[in-house]
Structures are given as C-alpha cells and as structure tokens.
Amino acid sequence: MILDAEEERPHEPQMWQRLYALWIEHEAELRAQLGDAQAESMLTEARTRGPKLPERLALAVTLRRPED
C-alpha cells in the first residue's frame, strides 16, 4: 500500500472522551437497553481507553494499492 494522504484529526480524541464519559454516566440505561454483556464491553473500553486519549494522535489516512 502507498500512503496517498494523511490528515490529523485533533478533535477526535475529545469526541471519544465525551462519548466514554456518557457511557459511564448512563451505565444503568446501557445495561437495560443493551444487556449486561454488551454494556460491560463498552464500559471496559471506556475505562481502559479513555485515560489514554490525551496522548493519542488521531489521523485519517488514504492508502492506495500500487499498480502491478
């Protein structure tokens, strides 16, 4: 693959931080609507990935296949 374009997305980690905070805040509703297994998976993601977001660099990349 060849890197065709790369764009930094500086606000993406903040978006995830807000989403994770909402999941944690609304844990009871998540469990009621999605069930314990799905809610627990989401909450585990929020609690493990959320603290690492300030050091995360978010990029959108476009790749292309080289011509044969």
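Is glutamate 40 buried, partly exposed or exposed, and at what relative accessibility? In this predicted model, glutamate 40 counts as partly exposed, since its relative accessibility is 33%. Its side chain meets that of arginine 31 in a salt bridge with an N to O distance of 2.4 Å. Arginine 31 is also partly exposed, at a relative accessible area of 22%. Both residues belong to a network of salt bridges that links Glu27, Arg31, Asp36, Glu40 and Arg47.

The members of this network recur in the contact of helix 2 with helix 3. On the side of helix 2, the contact is made by Glu27, Leu30, Arg31 and Leu34. On the side of helix 3, Asp36, Gln38, Ala39, Glu40, Met42, Leu43 and Arg47 take part. These residues comprise five nonpolar, one polar and five charged. Helix 2 spans residues 27–34 and helix 3 residues 36–49; their axes lie 7 Å apart and the packing angle is about 145 degrees.

In total, seven salt bridges are found in the structure. One of them joins the side chains of aspartate 4 and arginine 64, at 3.3 Å from N to O. This pair connects distant parts of the chain, with aspartate 4 in strand 1 (residues 2–8) and arginine 64 in strand 2 (residues 59–64), 60 residues apart. Aspartate 4 is partly exposed at 48% relative accessibility, and arginine 64 is partly exposed with a relative accessible area of 41%. Another salt bridge is formed by arginine 9 and glutamate 12, whose closest N and O atoms are 2.9 Å apart. Here the two partners fall into separate classes: glutamate 12 has a relative accessible area of 16% and is therefore buried, the limit being under 20%, whereas arginine 9, at 42%, is partly exposed.

Aromatic contacts number two pairs. In the pair of tryptophan 16 and tyrosine 20, the ring centres are 5.7 Å apart and the planes stand at 40 degrees, so the arrangement is tilted. The two residues are four positions apart in helix 1 (residues 12–25), about one turn of the helix. Tryptophan 16 is partly exposed at 27% relative accessibility, while tyrosine 20 is buried at 4%. Tyrosine 20 also pairs with tryptophan 23, again in a tilted arrangement, with 5.3 Å from centre to centre and 55 degrees between the planes. Tyrosine 20 and tryptophan 23 are separated by about one helical turn because they lie three residues apart in helix 1. Both of these residues are buried. Trp16, Tyr20 and Trp23 thus make up one aromatic cluster.

Technical notes
Residues are numbered from 1 along each chain as its sequence is written. This is a predicted model: local features need pLDDT of at least 70, side-chain atom pairs count only at pLDDT 80 or more; totals for chains, interfaces and linings use all residues. Side-chain values use heavy atoms; hydrogens and water are left out. Rings of Phe, Tyr and Trp (its six-membered ring) pair if their centres lie within 6.5 Å; planes under 30 degrees apart count as stacked, over 60 as edge-to-face and the rest as tilted. Buried means under 20% relative accessible area, exposed over 50%, partly exposed in between (1.4 Å probe, protein chains only). Axes are lines fitted to C-alpha atoms, for helices over the stretch in contact, and angles run from 0 to 180 degrees between N-to-C directions. Contact means heavy atoms within 4.5 Å. Ala, Val, Leu, Ile, Met, Phe, Trp, Tyr, Cys and Pro count as nonpolar, Asp, Glu, Lys and Arg as charged, and the others, Gly among them, as polar. A salt bridge is a side-chain nitrogen of Lys or Arg within 4 Å of a carboxyl oxygen of Asp or Glu.
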